[in-house]
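Colleague: Please take one helix of this protein and go through it closely. I would like to follow which way its residues face and what they touch.

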Amino acid sequence: MMAVDGRRLSSAAPIDTKRAEAESDRQRAITRRQQALLAAAGEVAPEARWYVLRVAPRSEKAVDSALGEARIGRWLPLWRRPQPRRGGRAGAPPPPAEVVIFPGYIFVRVLNRPQSWLAMATIKGVLSVLGSGERPVPVDDGIILKLRDLAADPVAVQEVLAPTLKPGERVRVTDGPFASFPGTLTCLLDGGRASVEVDLFGRLTPVELELAKLSKSQ
């Protein structure tokens with residue numbers, strides 16, 4: 001148990017209860033304002049359009065969850081990548097890993113009005129909305145449909161994710177007979193494949209693998 005310094009406690013300044021109550025009221029007022037803004041942004045209306053939010057790195061899923069709690073229409077394109085069994089263990093395979101297809105971005109369907117963008121700004125991780133100058137640019141429904149089709153196509157997703165792996169980078173094989181072995185990506189190939197020099201027990205062996213079976217070494 002952490003020791004308590006009695007001298008510090010006895011010499012501490014008295015708590016200003018009025019100031020504390022005022023700060024508490026201010027925090028509650030901010031929360032109520034945020035709730036009102038988010039409720040306004042989440043209103044369903046025929047004139048609502050799709051827009052693109054730019055979010056902080058690795059905060060896509062947290063922002064998606066916050067938008068969902070606020071009942072704001074949104075879409076975070078994810079790819080459920082199968083995961084291999086570890087160490088050749090028998091039994092059910094581990095659940096697929098959810099990979100963000102467009103890191104740093106999330107789509108929202110809202111009304112283009114100041115209240116909507118003020119609401120977005122209250123969500124931790126949201127950086128800005130894509131647009132020209134101070135005017136958010138809507139995304140056509142047809143483009144959203146095409147992106148949804150792409151997200152459902154594993155080969156197309158691999159081609160989108162391909163730029164995230166570059167020749168010369170250290171990678172780790174996540175599936176197949178070489179699962180868990182480290183290697184170096186030597187070049188990207190057509191059809192969502194790559195040439196990799198896999199380190200097999202101290203010997204570099206060139207193999208061709210699907211990009212879906214590779215991940216960056218941490």
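Modeller: What follows is a look at helix α5 and its surroundings. This is a predicted model, in which local features need pLDDT of at least 70 and side-chain atom pairs count only at pLDDT 80 or more, while totals for chains, interfaces and linings use all residues. Residues are numbered from 1 along each chain as its sequence is written, and side-chain values use heavy atoms, with hydrogens and water left out.

The protein has 6 helices and 13 strands (DSSP runs, numbered from the N terminus: H or I of at least four residues for helices, E of at least two for strands). Helix α5 covers residues 141–151, and I144, L147 and A151 in this helix are buried (under 20% relative accessible area, with a 1.4 Å probe and protein chains only). These three cover an arc of only 65 degrees around the axis, so they sit on the same side of α5 (the arc is taken over the directions from the helix axis to the C-beta atoms). An α-helix has 3.6 residues a turn, so residues three or four places apart point the same way.

The other side of α5 holds L145, K146 and D149, which are exposed (over 50% on that scale, with partly exposed in between).

The buried residues of α5 pack against four strands, β1 (49–55), β2 (73–75), β3 (78–81) and β5 (105–110), and against helix α6 (154–161); contact here means heavy atoms within 4.5 Å.

At the start of α5, a side-chain oxygen of D140 comes to within 2.8 Å of the backbone nitrogen of G142.

Methods: A polar contact is a pair of N or O atoms within 3.5 Å; within protein, one must be able to donate a hydrogen and the other to accept it, and residues adjacent in sequence count only if both atoms are side-chain atoms.
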